[in-house]
Amino acid sequence: MAWYGDGGWSFRPYVSVAEKKARAAKAIARVAKKRGRAAEPVVIQRRGRGIATTFWGKAWCDNLERYMDFANRLPRGRTYVRNGSVVDLAIARGKVEALVAGSELYTVTVHIAQMKRARWRRVVTRCTGRIGSLVGLLRGELSAEVLAVLADVKEGLFPEPREITMECSCPDWAGMCKHVAAVLYGVGARLDEKPQLFFTLRQVDQTELLSSATSGAISRAGAGAVKRIAAEKLADVFGIEMEAEPPRSTRAGNLKRRRAEPPSKRGGAQSETRRTRRSK
């Protein structure tokens, strides 16, 4: 872009991609030493137009491209991220920090507003019972209905332009310079590798989507367990032994035997009386 030098407005001298990377490598070494961690560059080895291939990465990029505020600035960022200019990108809660190799090494910071709780709860409610596992969620292996809920423009998980704040150390006065655009695309590429970072960025707990889906089954299972426990404790509650009661067939047999016993006893008593009288 144009800049102001000794002779008035001019243009920065051309710097090849290789030269940019060489300069960036030296600067990154210093930054990595200062931050105490290795750089995490965005590397895209695929050919073709697409930056990302998985649901989370593609949905992130598609969300950016649907907004007219971003449309005219994104193409140059796509070129930058493809040629490896995003030499470091780290995603944290509500924030993306990156280094982009341009004429100099530029620092980019993107803030993403925390997703509103009410909107998040609506997403969770609409997904209740439709997500089978955390692995399936992160892989995007979901039904078309769930994917539509997650990617909905107004009620889904992805941020709107008003929820995104961008900063770059370059002299470009545009709201979204090519370095910021490259970083935003870089986020999409990073989500291909680590989709769980999307929930970190939006500051929501992905496990809530799963716990909501299984809560109904757990409640039903819990009710059955309570019934079983109640049956087992019934004897203690009423002070009786529920299992001590004999089968009905056995009781009937005992009653028959008891009823049959008196005649035999009476007969035995009469015989004894006769024997006594005869002896006298």
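**A sheet, a buried threonine and a cavity**

Guide: In this predicted model, helix H8 (residues 178-193) lies across S3, S4, S5 and S6, and its direction makes an angle of about 65 degrees with S3.

Visitor: How are the strands of that sheet ordered, and what makes strands S3 and S6 its edge strands?

Guide: The open sheet consists of 4 strands in the order S3-S4-S5-S6, with antiparallel pairing. Strand S3 (86-92) and strand S6 (164-168) each pair on one side only, and they are therefore the edge strands. On average, neighbouring strands of this sheet are turned by 15 degrees against each other, direction ignored.

Visitor: How do you know that S4 and S5 count as paired?

Guide: Pairing requires at least two bridges, and 7 bridges join strand S4 (residues 95-101) to S5, so the two strands count as paired. One of the residues involved is Glu97, whose bridge partner in S5 is Thr109.

Visitor: Why is Thr109 called buried?

Guide: The term applies under 20% relative accessible area, and because the value for Thr109 is 13%, this residue is buried. Thr109 lies in strand S5 (residues 105-112), and its contacts, leaving aside residues up to four places away in sequence, are Lys95, Val96, Glu97, Thr165, Met166 and Glu167.

Visitor: What lines the largest cavity, and which helix gives the most to that lining?

Guide: The lining is made up of Ile28, Val31, Ala32, Arg35, Arg37, Ala39, Asp88 and Leu99, and helix H1 (residues 17-35) gives the most, with 4 residues. By residue class, the lining divides into 5 nonpolar, no polar and 3 charged, and the space in this cavity is about 50 Å³.

Key: Residues numbered from 1 in each chain as written. Predicted model: local features only at pLDDT ≥ 70, side-chain atom pairs only at ≥ 80, totals over all residues. Heavy atoms only, no water. Buried < 20%, exposed > 50% of the residue type's maximum accessible area, 1.4 Å probe, protein only. Contact = heavy atoms within 4.5 Å. 1 Å grid on protein atoms, 1.4 Å probe; cavity = no way out; pocket = protein on both sides within 12 Å on 5 of 7 lines; lining within 4 Å. Points joined across faces, edges and corners; volume = space filled by probe spheres on them. Nonpolar A, V, L, I, M, F, W, Y, C, P; charged D, E, K, R; others polar. Axes fitted to C-alpha atoms, helices over the stretch in contact; angles between N-to-C directions.
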